[in-house]
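This report describes selected local environments and the domain contact of one protein chain. The sequence and the structure are shown first, and the discussion follows.

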Amino acid sequence: MQSDPKDNISYLLTTDPGLPASNPTPSYWQEPPHPLSHTKSPTLPRQTDIAIIGSGITGLAVCKTLLEAHPATNITIFEARALCSGATGRNGGQLAANAGEEYAHLAGIHGSEMAGRIVHFTLKNLQKMEELCSAFATEEGELQKVTKLRVFLTDGAFEQFERSVKLMERDHPSLRGLYTVLDAGGLKEEYNVDGAGGALLPAGTVWPYRVVTSTFARLFGKHPSRLSIETNTPVTEVNYDQTSKTHPYTIRTPRGSVRATKIAYCTNGYASHLLPNLRGRIYPFKGTMTVQDPGNFPNRGKDLSWGFHYPALYDAKTGSYQAGLYYLMQNTRSGYFFFGGEDKRLEDCLSADDTRVEAGSVENLQRKLPSCLGGTEAEAWRLVSAWSGVMGFSADGLPVVGQLPALLTGRDGDGEYLAAAFNGYGMANCLLSGEALARIMLGEDVSDWLPEAYAIHPRRLEKLTLHGAVKSYLNEVY
């Protein structure tokens, strides 16, 4: 008897992601490793004011904001493996929002005002990412301001996009002109790309690992007595002791324990390992990235990045899942293409195992890349590198940012906080989400700029359910 696909998806979404593996696939972004990549104290500090678990963009943002806003705070960063070795050090390197594609969906659920706030938040976040790179990683970050070419491969996808953009521009006149829409003829004539239609919008590309590690280095140098970075130190357990007035949380690691006043979870797809009540609400999604050498293909890295959109599809009979997006940037120095996207079994997508890359995924990306740019699938380009990375997704498709209630921690106390589940658009959400979380930890009100739809509150938790996550996949085939 064939198993019910709902049961299989439910199982995958609620499986413990575990700790990040000690032997992940090597990411091209992380070579060469930064001098701080394996830094740690000779012995762990006995206590800390703030424990930040995770050292990607989000953890960096929390750390930087707290150090700058509260000069007396001591901070300890806990990282299970090397510094910035998770999703930030494994992503697509693109600074791009998905405002136009998602606006109609967001407005339908949250209303036009909130949908507009989300769009503006992501655009502001991208601006802040550019500023961070310019300030802390001017050369090594390789920031390029480019035009993003979004290509819609089917008539249905293009028509849906056009309706969404028109609705966004009607509701928010200040966003008019953000997108320049192209028909199929314009795509072919100007960019030698086949598709039902496309759009241009301002965007950027960056070397994310170098931006984060360079910024951490500056902070570490400026605040050596207040900042402790503990790599290769996975947090295995968190306990709460209400008898301690100042440092009630115990952070347990293989190197010993640290007492903390507050904890910020910035572990994205791994968040539900230490917070089991999040399972089904937040879950890991594994992506595949390649670096490919196009030979004599023109280098457009200073001008363009690309996205290729098609309807996502889950086939319950075969278990295969096509995620609906391929994303592409070109390095200005080497000419290499960084190309990612998913067409594989759903069980390989809903996974936190970044120790392997499915062979079929790499072969698919090698076939797809030349054909996306006007060639044929027979023209496979030389594979330079391939790796996997674990993102965090949420049941309602939006980031989850704020103070954690006992319902989610399973503990007394009010000192645990979370910023996670960026749903594949971390570059457009992480930095400001991390800053917002830090300011929430300081007792500040961020409701005037952090979208309420991202926040943790009872109304949202009622809808942030396993059922919603399962339904989002089954809707793609039934």
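In this predicted model, pairs of aromatic rings join Tyr28, Trp29, Trp207, Tyr336 and Phe338 into a cluster. Over the whole structure, a search returns 22 aromatic pairs. For the rings of Tyr28 and Trp207, the centres are 6.2 Å apart and the planes meet at 40°, so the pair is classed as tilted. Tyr28 belongs to the loop between α1 (5-14) and β1 (47-53), while Trp207 belongs to the loop between β6 (197-205) and α7 (208-222); the pair therefore ties together parts that are 179 residues apart in sequence.

The two partners differ in their accessibility class. Tyr28 has a relative accessible area of 25% and is partly exposed, because the partly exposed class lies between 20% and 50%. Trp207, with a relative accessible area of 6%, is buried. The ring of Trp207 also has a charged partner: the charged end of Arg210 sits over this ring, at 3.7 Å from its centre.

**Domain contact**

The domain assignment divides the chain into domain 1 (24-90 + 209-281 + 396-474) and domain 2 (143-206 + 282-393). Taken over C-alpha atoms, the centres of domain 1 and domain 2 are separated by 29 Å. To the contact, domain 1 gives 30 residues and domain 2 gives 31 residues. Between them the two domains bury about 2400 Å², of which 64% is on carbon and sulfur atoms. Of the area that domain 1 buries against domain 2, 31% is supplied by Tyr28, Trp29 and Tyr473, more than by any other three residues. Tyr28 and Trp29 are also among the members of the aromatic cluster.

**Backbone features**

The loop between α1 and β1 also holds Pro32. The peptide bond leading from Glu31 to Pro32 is cis, and its omega is near -10°.

Two asparagines have a positive phi although neither is a glycine: Asn192, at about 55°, and Asn268, at about 50°. Asn192 is placed in the loop between α6 (184-191) and β6, whereas Asn268 is placed in the loop between β10 (256-265) and α8 (271-274). Asn192 is partly exposed, with a relative accessible area of 38%. Asn268, by contrast, is buried at 13%.

**Selected buried residues**

The following table lists three residues with their locations and relative accessible areas.

| Residue | Location | Relative accessible area |
|---|---|---|
| Ser351 | loop between α9 (346-349) and α10 (359-372) | 15%, buried |
| Thr215 | helix α7 | 0%, buried |
| Asn429 | loop between β18 (416-420) and α12 (430-441) | 5%, buried |

Ser351 counts as buried at 15% relative accessibility because the limit for this class is under 20%. The side chain of Ser351 reaches the backbone nitrogen of Asp353 at a distance of 3.0 Å. When neighbours within four places in sequence are left aside, Ser351 is in contact with Pro284, Phe285, Lys286 and Val390.

Which residues does Thr215 touch, not counting residues up to four places away in sequence? They are Leu60, Lys64, Leu132 and Phe136. A further relation across the sequence concerns Ala61: Thr215 and Ala61 are 154 residues apart in sequence, yet their C-alpha atoms are 9.8 Å apart in space. Thr215 itself is buried, with a relative accessible area of 0%.

The side chain of Asn429 makes a polar contact of 2.7 Å with the side chain of Tyr454. Tyr454 is also one of the residues in contact with Asn429 once neighbours within four places in sequence are left aside. The others in that list are Phe121, Thr122, Asn125, Pro399 and Phe422.

Methods:
Residues are numbered from 1 along each chain as its sequence is written. This is a predicted model: local features need pLDDT of at least 70, side-chain atom pairs count only at pLDDT 80 or more; totals for chains, interfaces and linings use all residues. Side-chain values use heavy atoms; hydrogens and water are left out. Helices (H or I, at least four residues) and strands (E, at least two) are DSSP runs, numbered from the N terminus. Buried means under 20% relative accessible area, exposed over 50%, partly exposed in between (1.4 Å probe, protein chains only). A polar contact is a pair of N or O atoms within 3.5 Å; within protein, one must be able to donate a hydrogen and the other to accept it, and residues adjacent in sequence count only if both atoms are side-chain atoms. Contact means heavy atoms within 4.5 Å. Rings of Phe, Tyr and Trp (its six-membered ring) pair if their centres lie within 6.5 Å; planes under 30 degrees apart count as stacked, over 60 as edge-to-face and the rest as tilted. A charge sits over a ring if NZ of Lys or CZ of Arg is within 6 Å of the ring centre and within 35 degrees of the ring normal. Domain bounds come from an automatic or database domain assignment. Buried area is the accessible area (1.4 Å probe) that two parts lose on being put together, summed over both.
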